[in-house]
Amino acid sequence: MVYYVRNWIYRKRGFNLMALDGTVISCIVQELDTVLTGGKINKIAQPEKDELMLTVKNNRTQYRLLISAGASLPLIYLAGENKTGPMTAPNFCMLLRKHIGNGRITRIWQPGMERIINMEIEHLNELGDICKKLLIVELMGKHSNIIFCQEDGMILDAIKHVSAQISSVREVLPGRPYFIPETQHKYNPLEITEETFASTVCQKPMPLAKALYTTLTGISPLIAEEICHRSSLESSRSANSFSELEKTHLYHTLQRMMDDVNHNIFTPNIIYDGKIPIDFAVLPLTQYSDMEAQNFESVSQVLEQYYAAKNTITRIRQKSSDLRRVVTTALDRNRKKYDLQQKQLKDTEKREKYKVYGELLNAYGYDVAEGSKKLEVLNYYTNEMITIPLDPTLTPQENAKKYFERYGKLKRTYEALNTLLTETHEEILHLESIATALDIALNEEDLVQVKEELVQYGYIKRKYTGGKRVKVTSKPFHYLSSDGYHIYVGKNNYQNEELTFKFASGNDWWFHAKGAPGSHVIVKSGGEELPDTTFEEAARLAAWYSSHRGADKVEIDYVEKKHVKKVNGAKPGFVIYHTNYSMVIDSDISGIRQIKEKS
């Protein structure tokens, strides 16, 4: 059998961005105020165009504060790992270094229940006088920004400039005054009175949950549903249909939740549906009583864990967009070509009939009357009568010759189309493998080999590099089994090829999902017999890095590497093997230890 082995396609999960609401911001502010206030800013980096990394030293401990104003994923949390910036710092980063490098954080607060965090930073100016600046983080979806201001609120700069052409509500440019735009006229849930609550939220002719989050600042749909659930009121029922007693109960339920926020009583948690995280909050979510809730000591741990995969996939998809466009265009073109070739191939199915017509005419044509339009004879291949259409202007021999010519033409077309179909199909598989390599890529280094493959096979023109070779720093995924055996997983076609035919030894074991696209998985056996646990963990990795990712039952083929052969002249990823074993296993790799390789 021949399989084209490629990497898995990452399937996006339903990450909940709206969960980063006013309650979560309150918890973040409380955490940051506890550990960062009084601390000194040692380093300022701008790893991405819309992202900052501040290194703060306080109480003999060093903290890393990651701030992202990304439109698709605005975030702020204390990060466990460092992110370095480019060799040449962007202008915004240079401005911050000039003013608040070595500055001291004196205050961190949240205005009302807005999704905004203000940081007051004290520093010395050029004359040695003490000055204060404001670093304002707005976490508002596509309107997110990081704004640097004077103490009086005059904007010095922002990580995103917003001109009057972009927004008629507020300009965010150097020299403009900073203010929070009042575009939705919402009420602060920490201060709203029962009378105002009854005359606003409870009078709206819309579902109760929607009335809550469209009227109150910082209340997300998730928290609105939680308020309804705690109140034992239907969230889908119209807000103006409840009784006075129910409205009072709803208001007091809201106030109890806001009391927890006011007194910093938080329980950072992630809700899991099986092994999949579906929501997070800083208040207990009673609406998910039938699911598992994992509590954390800090909201930063929640955000880092919950959004790590989402952040990585979002950014790398942005950076690989040009390559994806090339691959998608080529795939569409080849798929259309393949469909057309299949239709043309179907038209050649008549060729054998024309061959039989010609042979029967040569055998029985002597009995055909001149000017006949058909001939009925016994088909000695099927022992059935057959009617052969004739051109009355031609002799039987000329009719036979015409049928043989038609047969020959269709036969040549059939043979050519079979070759073309094979070539087109292989090109489609190759392009699909490149597309999935783009999906599996976690950073820019992983894209280098993918781009080089597109160049090598003519999908992208090679740029002149002065004779310099493309630097490859990306490495395969590296795992360690429970029994201590090293397992490697290819990220792209070149890595698959390298792993199987250069890195692996004859007695190492090779795994991949049966009859499905997936990565090459190699277990280094060291000449030893592998324990069952290692076989199972390697099979899970093969299932996870395949098109069956997330499935409970995946059939995996595994064989010693010496039985895996490369197809002569084939593109990277084509292999053949005949003597193999198979097992059915799930694709859960959460318990397998991954080893982070240094670039």
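Let me begin with the negative surface patch, which is formed by Asp483, Glu529, Asp532 and Glu536. This is a predicted model, so please keep that in mind for everything that follows. One member of the patch, Asp532, lies in helix α13, which covers residues 532–544. Is Asp532 buried or exposed? Its relative accessibility is 59%, and because exposed means over 50%, Asp532 counts as exposed.

There is also a patch of the opposite sign. The positive surface patch consists of Lys350, Lys353, Lys402 and Arg406. Of these, Lys402 is found in helix α10. Lys402 has a relative accessibility of 35% and counts as partly exposed.

Next, salt bridges. Side chains of opposite charge can pair when their charged atoms come close. How many salt bridges does a search of the whole structure find? The search finds 17. I will go through three of them.

One salt bridge joins Arg176 and Glu171, with the closest N and O atoms 2.6 Å apart. Arg176 is partly exposed, at a relative accessible area of 34%. Glu171 is partly exposed too, at 23%.

Another salt bridge is between Arg335 and Glu432, where the closest N and O atoms are 2.9 Å apart. Which parts of the chain does this pair link? Arg335 sits in helix α8, residues 321–347, and Glu432 in helix α10, residues 396–440. The two are 97 residues apart, so the pair links distant parts of the chain. As for cover, Arg335 is partly exposed at 35% relative accessibility. Glu432 has a relative accessible area of 18%, and because buried means under 20%, Glu432 counts as buried.

The third one on my list is Glu452 with Arg462, again with the closest N and O atoms 2.9 Å apart. Glu452 belongs to helix α11, residues 444–456, while Arg462 is in the loop between α11 and β16, so this salt bridge ties together parts that are ten residues apart in sequence. Arg462 is exposed, with a relative accessible area of 52%.

That loop leads us to β16, residues 477–480, and to the sheet. Seven strands form an open sheet, and the pairing is antiparallel. The order runs β23, β20, β18, β19, β17, β16, β24. Which strands are at the edges? They are β23, residues 581–585, and β24, residues 593–594, each pairing on one side only.

Let us stay with β16 and look at its two neighbours. On one side, β16 pairs with β17, residues 486–489, in the antiparallel sense over four bridges. Within that pairing, Phe477 has Val489 in β17 as its bridge partner. The two strands make a hairpin with five residues between them. In the turn, Gly484 has a positive phi of about 90°.

The other partner is β24, which pairs with β16 in the antiparallel sense over two bridges. Here the bridge partner of Tyr479 is Gln594.

What about the faces of β16? Both are covered. Phe477 and Tyr479 point to one side, His478 and Leu480 to the other, and all of them are buried.

A second hairpin is worth a look, the one of β14 and β15. Strand β14 covers residues 374–379 and strand β15 residues 384–389, and they pair in the antiparallel sense over six bridges. For Glu376, the bridge partner in β15 is Thr387. Four residues lie between the strands of this hairpin, and Asn383 takes a positive phi near 60°.

One last stop is Ala158, in strand β10, residues 155–158. Ala158 is buried, with a relative accessible area of 5%. How far apart are Ala158 and Val172 in sequence, and how far in space? They are 14 residues apart in sequence and 7.0 Å apart in space, taken from C-alpha to C-alpha.

To recap, we have seen a negative patch that includes Asp532 and a positive patch that includes Lys402. We have seen the salt bridge of Arg335 and Glu432 between helices α8 and α10. And we have seen β16, which pairs with β17 and with β24 and has both faces covered.

Definitions and conventions: Residues numbered from 1 in each chain as written. Predicted model: local features only at pLDDT ≥ 70, side-chain atom pairs only at ≥ 80, totals over all residues. Heavy atoms only, no water. Patch = residues over 30% accessible without salt bridge, like charges linked within 9 Å, V, L, I, M, F, W, Y side chains within 5 Å. Areas by Shrake-Rupley, 256 points an atom, 1.4 Å probe, with all protein chains shown as cover. Salt bridge = Lys/Arg side-chain N within 4 Å of Asp/Glu carboxyl O. Lys, Arg positive; Asp, Glu negative; His and termini not counted. Charge placed at Lys NZ, Arg CZ, Asp CG, Glu CD. Buried < 20%, exposed > 50% of the residue type's maximum accessible area, 1.4 Å probe, protein only. Pairing = 2+ DSSP bridges.
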